[in-house]
Amino acid sequence: MLENKRILLGITGSIAAYKSALLARELQRRGAEVRVVMSQAAIDFITPLTLATLTGHRVYSDFTENKDQGTWTNHVDLGLWADAFLIAPATAQTLSSMVQGSGDSFLLAVHLSSRCPVIVAPAMDLDMFTHPATQENLSTLAQRGVGIIEPESGPLASGLDGKGRMAEPEHIADWMEKWFRDAAPLSGRRVLITAGPTHEPIDAVRFIGNRSSGKMGYALAEAFIQLGADVLLISGPVQLNPPAGVHEFVKVETAQDMYDAAMARFEGCDVAVAAAAVADARPTTPSDRKLHKGELPAAIALEPTLDILAAWGKNKTPTQTVVGFALETDNGEASAKSKLERKQADFIVLNTTADEGAGFGTDTNRITIFEKNGDSHKFELKSKAKVAEDIVTTLLKRILS
Ligand code: CTP
């Protein structure tokens, strides 16, 4: 969930500031881009050089960049850049200044100008933490929508033992992940996706398959995960790793396995996307051992497989959205519209092999989305990741209505 998230890490003057280096590393390890703002007091505990080296970006602590040349640092830009401003550690003094709306340090000026959500991870001695002034400050900040990451209990720098230690970097990163997930537009929605080809056995070593790489279905899974959905991905045999953060990943071989897995998970899903290139037919009598050269039949008898998309379309409730794909070589629009109707889908995404850079195996795609209500949306040739975003954005209007 922290993939590509821009986190502005504010560090204030507490001994826990040494843990902020580990926190910056942990947030980056989970995919976030981290920039650091430090108060002057924080610099007594940990050097800006440490944080600049870890994050690969200069650290901000002063309004002016070069006093002789009169250049200044734009605190407003930093506030606008961030998806979240996380102040960890946040001292009792910082909490109080935030409540007052003070802007007398660079970090506090960023706090006042940030449009993104603000989160604090307090760190202080236990009596400072339980003091009514601190507790009132925390509840005022909470009422203003500031996220509070509760301190943890244990030995404190003062020698006392109790609640006040800044939460461990891993716990803060977990908290941030959950928070981004809960704030995401598709939080709590279940999305079922089929992807990749299926392999239909002829014998123990041979199969009928197709050239699907699974890239489009996997890119869609990632786009839905980014928006906070619980994604269930059912994949045929492909050379791709399961997307990070996938809720459930099921690997299957045959059309029948894919059908069984897809139908067992359909109930309770908000969206179901059939991105797989399912074999339309399978050998009627596959051999369970390898056939030798002389035994190979001159013709292989085939029987139809079950259509997953059509079964979803038939069984869906009014609140479920069903999406299919149509990969066509010719008559694209007519075929896509006929599939929309025949399979009772809500959307069909058309791509034509006639378009250069579109279709199986490529990293790009050019699509047109047809809706049940007759609307259609045409998009340019793009990377499959960008195409997935276009599809998800088009679906969002219906999912969230
Ligand atoms: N599909 C499916 N299960 C199948 C066959 C297809 O879920 N057994 C889905 C695909 O995932 C895709 C859509 O149906 O979303 C259209 O697939 P396509 O192969 O183009 O459709 P067919 O019904 O096989 O039509 P045709 O081969 O005649 O073009």
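Select first the open sheet of 6 strands, whose order is E3-E2-E1-E6-E7-E8 and whose pairing is parallel; two strands are taken to pair if DSSP finds at least two bridges between them, and the element labels are DSSP runs numbered from the N terminus, with helices (H or I) of at least four residues and strands (E) of at least two. At its edges are E3 and strand E8 (147–148), each of which pairs on one side only. The model is predicted, so that local features need pLDDT of at least 70 and side-chain atom pairs count only at pLDDT 80 or more, while totals for chains, interfaces and linings use all residues. Residues are numbered from 1 along each chain as its sequence is written, and side-chain values use heavy atoms, with hydrogens and water left out.

**Inside the parallel sheet**

Select strand E1 (residues 6–11) together with strand E6 (residues 84–90): the two pair in the parallel sense over 4 bridges, and Leu 8 stands opposite Phe 85 in E6. Add helix H9 (residues 169–183), which packs on the sheet and touches E1, E6, strand E7 (118–122) and E8, contact meaning heavy atoms within 4.5 Å. The direction of H9 makes about 155° with that of E6; axes are lines fitted to C-alpha atoms, for helices over the stretch in contact, and angles run from 0 to 180 degrees between N-to-C directions.

Next, go to Ser 61, in the loop between strand E3 (59–60) and strand E4 (64–66). Ser 61 counts as buried at 19% relative accessibility, where buried means under 20% relative accessible area, exposed over 50% and partly exposed in between (1.4 Å probe, protein chains only). Leaving aside neighbours within four places in sequence, Ser 61 is in contact with Met 38, Gln 40, Ile 43 and Phe 106. By contrast, Gln 93, which has its place in helix H5 (residues 92–100), is exposed, with a relative accessible area of 55%.

**A hairpin**

Select strand E9 (residues 152–155) and strand E10 (residues 161–165), which run antiparallel and are joined by 4 bridges. Glu 152 stands opposite Arg 165 in E10. The two strands form a hairpin with 5 residues between them, and in the turn Gly 159 has a positive phi of about 100°.

**Across to the second domain**

Colour the chain by domain: domain 1 spans 6–183 and domain 2 spans 190–399, the bounds coming from an automatic or database domain assignment. The C-alpha centres of domain 1 and domain 2 lie 45 Å apart. For a distance label, pick Gln 93 and Phe 360, which are 267 residues apart along the chain and whose C-alpha atoms are separated by 59 Å.

**The mixed sheet**

Now select the open sheet of 8 strands, with mixed pairing and the order E15-E14-E11-E16-E19-E20-E22-E23. Strand E15 (248–251) and strand E23 (376–378) stand at the edges with a single partner strand each, so one side of each is left without a neighbour in the sheet. From one strand to the next, the twist averages 15°.

Strand E14 (residues 230–235) is mostly covered, with 5 of its 6 residues buried. E14 pairs with E15 in the parallel sense over 4 bridges, and E14 also runs parallel to E11, to which 6 bridges join it. Leu 232 is a useful residue to centre on, standing opposite Glu 248 in E15 and being the bridge partner of Leu 192.

Show helix H12 (residues 308–315) next: it lies across strand E11 (190–195), strand E16 (271–274), strand E19 (321–328) and strand E20 (347–352), running at about 150° to E19.

Glu 371, in strand E22 (residues 368–371), counts as buried at 15% relative accessibility. Not counting residues up to four places away in sequence, Glu 371 touches Leu 340, Asp 346, Phe 347, His 377 and Thr 394. The C-alpha atoms of Glu 371 and Leu 340 are separated by 7.9 Å, with their positions 31 residues apart along the chain.

**The largest pocket**

Finish at the largest pocket, which holds about 760 Å³ of space. A pocket is an open set of points, on a 1 Å grid over the protein atoms alone, where a 1.4 Å probe fits, with protein on both sides within 12 Å along at least five of seven lines, and lining residues have an atom within 4 Å of a point. Of the 35 lining residues, Ala 276, Ala 277, Val 278, Phe 325 and Leu 327 are the closest to the centre of the pocket. Helix H10 (215–226), H12, E19 and helix H13 (332–342) each supply at least two residues of the lining, and the largest share, 5 residues, comes from E19.

Conventions:
Grid points are joined across faces, edges and corners, and a volume is the space filled by probe spheres set on the points.
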